[in-house]
Structure formats: structure tokens, C-alpha cells
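Q: Please take a close look at one helix of this model: which residues of H17 are buried? Please then follow with the other parts that help me to read the fold.

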Amino acid sequence: MASVTSLSDSVQQRLAAALSAALPEAGSADPLLRRSDRADFQANGILALAKKAKANPRELATQVVSQVDTGDVIKDVEVSGPGFLNITIGDRAILETLAARYADDTGRLGVPFAERPGTTVIDYAQPNVAKEMHVGHLRSAVIGDALVQLLEFAGETVVRRHHIGDWGTQFGMLIQYLDEHPHELDHKADGSGAMSGEEAMSNLDRLYKAARKLFDSDEEFKTRARRRVVDLQSGEPRTLAAWQKFVDESKIYFFSVFEKLDMEIRDPDIVGESGYNDMLDETCRLLEESGVAVMSDGALCVFFEDIKGPDGNPVPLIVRKSDGGYGYAATDLSAIRDRVFNLKASSLLYVVDVRQSLHFRMVFETARRVGWLNDDVEAHQLAFGTILGKDGKPFKTREGVSVRLEDLLDEAVQRATAVVREKAEKVGLTEQEIVENGRHVGIGAVKYADLSTSAVRDYKFDLDQMVSLSGDTSVYLQYAYARIQSILRKAGEARPLAHPELELAPAERALGLHLDQFGETVLEVAAAYEPHKLAGYLYQLASLLTTFYDQCQVISADNPPEVVENRLFLVDLTARTLHRGMALLGIRTPGRL
């Protein structure tokens, strides 16, 4: 089905044509249309145009009104204040536009694709091999997954990349430790040998900490561990096999955690640091030959005039260390080469902690200087803030260590299941439905708390608030959706059907106009990488639905059949919009809660 032109786009086009007719020298001027509480829309662009043309803004506004082709969309246009235009949309136009969205059988609700889609490689959800995932891994995964959904919905070709930490000196240390303490990798004490992903990773995490402790305290072990790094880098078979086992065990664990998060992670998309090993030498050669990188004290470095340390001296990006080893910069620059030249990316998006902003600023600038990034290929770091505890400090356990991610998710599901269970008898949920809905509500609560906050801001992790039935929470939105499904089940023979001939009540108009804004909201959110604005739109939609319920009875013997059908149509389209919007955020909407 063809996309549906939104009411705001239709009004925008009509006002732009009227502006051009009233003031030809203005060309294709923007009327600066926005939603207003004084009318359905307000246009503010005439003030600036009048100033430029040395004209009276009210007189110009009156001329524009006389040129507006209202058609069957605009009911009324009036001049307000110094030269604003207040525009009211006809009820018929609202219902006919919404009916076209409702009729879209593709599930897109009439939303068009972005005008110039490209290929975006998005780097997100980057855990470390042989280490347990903690609360700090949550934001990259949740924000990145939502952006994947949003960009794909907008028509972008999206390539996912999970740049896991799977290479470096720590693996020499870990492999050497295990060689010398093989009994410490014993499986279950009952001798079954079977371990879950979480148990295996907990074991590896414990081994890592023990190896690190020995590495820091025993110089002889440190020397043996460093020799093992050389073995690993040269591809010595036994060392490489041990490393591969760590990677494989870790992936099983990663998949189990991401499955809890209700996220799809595909094995081919996991390309860790080791995936770029074969490119490192050439990356350094290209940087040095181009003059972008220079030798300094035996290291290959890139310098920046505007980046200086506390002593006032330039802080370089070290691509290759003086001992010949490669740092993160070499790997990240090689990844850019791969993504630009092999994956043919037009955009590179990195969902990475704000604390790495300086590193990526230097990496991107280096790539621009050497020509890998240019006007055709852009790179952007979506730098996210920190998750805080209720005390406003970084979220830790009482012992001061980072909270394990799976523990946090389990507690969220436990709390949510208790909330679902309280209402289960009234709705008639089975035990299986309670458990399943508890999982969807709990994981949805965690995701929404993150996604409803601007990525750059820190936010407090408060499970009590997250699973609340009131306020700006996913639970409130999920219950709004479930309530609509309950109404539709109780409607009997009445069916959702738009009746454009009807006059709309104020609450119906407000709900209808907001429903029509879904498409432009989604495309703006995808283009700007701002999922929190979609969360805000959905919360406002649920709030307008609550007002609608207060003022308009949906199923009532006192209502004529066409009013019942029209209101069922409005709530059903609201449910479809909530369902689609929440799915774009990676959150499920159970039909019964």
C-alpha cells in the first residue's frame, strides 16, 4: 500500500504554496508549522519573511490567508497576534486520513520510508570474552537494538556489529593460568559436566580474577603470561585452541543474556577485536605513508592541535606502541576501513559510553584525514550516560562492585510478575500467562526506563518506579494496549469502522491528530538517533487515550451504532500504533494483562 500523507504535511504544502503566491520573492519559504494549543496547528514563518521583505507581518499574513487552498483538509485559518496563522483541520479530513492508515495491511500504518536511505553499520552491545556482563553493558545493548529497529523501519540497510573484547594481553594471562591450574576449570561438583551459559561464564570470570591477581603479584608468572601472548598472536595451535574455547563459552553466555533481554544477536554479526588482526599492519602502513601518523619515541602516533593533556602538550592517538603492539586505535581504524570499503557503509554509528568520547573523536578525525571518512561516509558516536543507583551514584552492589546484568534482569522480572499476578484473577490469566507476561513487563520496564531518557543523560535505576502502573513507564503503556484489547473483545457484533461524516468530540480530535503524527515522529527519531522522543510520543498517546476514556464512552447503549463503530476504530488504531511503536523500542505488548 502507498504511504499516507500526514495532515501536517498536507497543511505545510498548502501554506507554502500560499506564501509563494503572496510573496513570490520568498521562493519556497518554510511556513514553520507546529502543533498548537490555540488551534490544531500554528504557522510562525510569516514574521521572519515580513521582516526580510520590510512588510507588515499582519498584512502579509492576511494576504497569505486569502491565497490558501483549504480544500477538504483545512476548516479554518485565522490571523493571530503579530502575524501568526492558526489552522483548524476538518473532522472529515482527520478521520479519512486515519482510515487510510488503518487500511494499510503492511503493518506500517501508512508510514513512508525515509527519502534517501543508505547503509548504516551500527556498533553496539560489546561485552568482553571471559567476563560477566554487568549493568554497564545494558545501555549500549538496549539503545542499539532500538536504533536497529527504527532504522530498518525507516528503510535503511542496517549491518549490525558487536565489537566484543576478544583479544589482548589478558588472554595470554588467562590461558597460562589455566595451563598451570587445570583443576580450576572443573565442571559441576556433581560430576554431570553440564553447565549453563551463566554458570560457565561465572567460572571464567572467577578464573580471570584469580589470574589477574597472580599476574599483578608474581613477576615470573607475568613473564610466562606475556610469552603466551606472543604464542597467541603468532597462532600457536594449542594456545589458539584454548583462546577459541574461551570465545565459544563466552558467546553461549552472551546469547543467554541477550535472550533474557528479548534481543536477537546473530553469530555472524559478532566481529570482535580479533576479526581485524589481519588488517592492522596495512592500516599502520597506510597511515604512515599518507603522513597522517608519525613516529614518536618509537610509537606510531597521530597528533591533534586542539587536544592537549594537563601539561599543555598534545595528546596523541597511539596506533602502534613502541614495543610493536597494537592498541584499540589500530583495531578501531581497521574496523572503519572494513565497514567503509567492504560493507559499503554510508553511515557508521557507535553506541558507546560517553567516557570513550575523546578516543572516538581522535579515531574519526584520523579516518577523515586519511580519507576513509568523507562527505559520502559519516561516523557518529551516540555517547550515552551512566546508570545511577537511587543515591545518585554509579549503580553498584553494597560491596561496591558492578551489578551483574542477569541478576538485575531477574529481579525486574520477579517484581513485574508480582504486579501482573495482583491483577491476574480479575483478568483470568493462567499461570503460564502470568509467567510470560511477567517476563514481557519486567524486561519492557528496564528497556523503557533507559529509552525514555535521552541517551546522553544519566538516569536512576529504580525498579519500584519502573514497574509502576502509573506515570511514564512501559507498564502504563502495556496496560493501555491490553485495555483496548479487552474493549474490542467486549464489543460483540460492533466492529471498528471510521465514519468521516461524524463530528468529533475534543478528546477524539486530540487523539486523532496525535495518531496522525506517528509517521513523522518515527522518521525524525530514526534520522536523529533519538529513541527517547518515540517513548515520549507513545506516553502522550496513552495519556490522550486516558482522557478520551474519561470523556467518551466507547461501548454504550446510549450511543448510535456509528458512534460506537467510530470510537472502536479510534481505539483500535491507537492499539496498533502502541503495538508498532513499542516493538520499535524492542518492547512487547501482551494482549491480556
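A: A residue is called buried when its relative accessible area is under 20%, exposed when that area is over 50%, and partly exposed in between, using a 1.4 Å probe and protein chains only. Helices (H or I, at least four residues) and strands (E, at least two) are DSSP runs, numbered from the N terminus.

The model is predicted, so local features need a pLDDT of at least 70 and side-chain atom pairs count only at pLDDT 80 or more, while totals for chains, interfaces and linings use all residues. Residues are numbered from 1 along each chain as its sequence is written, and side-chain values use heavy atoms, with hydrogens and water left out.

Helix H17, which spans residues 506–516, is mostly covered, since nine of its 11 residues are buried. The buried residues of H17 are Ala507, Glu508, Arg509, Leu511, Gly512, Leu513, His514, Leu515 and Asp516, so the list includes charged side chains such as Glu508, Arg509 and Asp516 alongside leucines.

Helix H13 (residues 405–427) offers a single residue to set beside that list, because Glu406 has its place there and counts as buried because its relative accessibility is 0%. Leaving aside neighbours within four places in sequence, Glu406 is in contact, meaning heavy atoms within 4.5 Å, with Glu132, Met133, Glu198, Tyr253, Val257 and Lys260.

Helix H18 (residues 518–528) holds Leu523, and when neighbours within four places in sequence are again left aside, Leu523 is in contact with Val111, Pro112, Ala114 and Ala154. Leu523 and Phe360 are 163 residues apart along the chain, and their C-alpha atoms are separated by 27 Å.

Strands come next, and two of them pair if DSSP finds at least two bridges between them. Strand E10 (residues 347–353) and strand E11 run parallel and are joined by seven bridges, with Leu348 standing opposite Ala379 in E11. Strand E11, covering residues 378–384, resembles the helix you asked about in being mostly covered, with five of its seven residues buried.

Strand E4 (residues 84–89) pairs with strand E2 (residues 41–43) in the antiparallel sense over three bridges, and in E4 the bridge partner of Gln42 is Asn86. Strand E3 (residues 74–80) also pairs with E4 in the antiparallel sense, over six bridges, and Asp76 stands opposite Thr88 in E4. The hairpin of E3 and E4 has three residues between the strands, and in this hairpin Gly81 takes a positive phi near 60°.

Ile87 leads from these strands to the packing of the interior. Not counting residues up to four places away in sequence, Ile87 touches Val11, Leu15, Leu33, Ala39, Asp40, Phe41, Gln42, Ala43, Ile74, Asp76 and Val77. A nonpolar core is a set of buried Ala, Val, Leu, Ile, Met, Phe, Trp, Tyr and Cys residues joined through side-chain atoms within 4.5 Å, and the largest such core has 154 residues, of which Ile87, Ile89, Leu261, Phe461, Leu534 and Phe548 touch the most other members. Apart from that largest core lies another one, of 32 residues, among them Val159, Leu280, Ala329 and Leu333.
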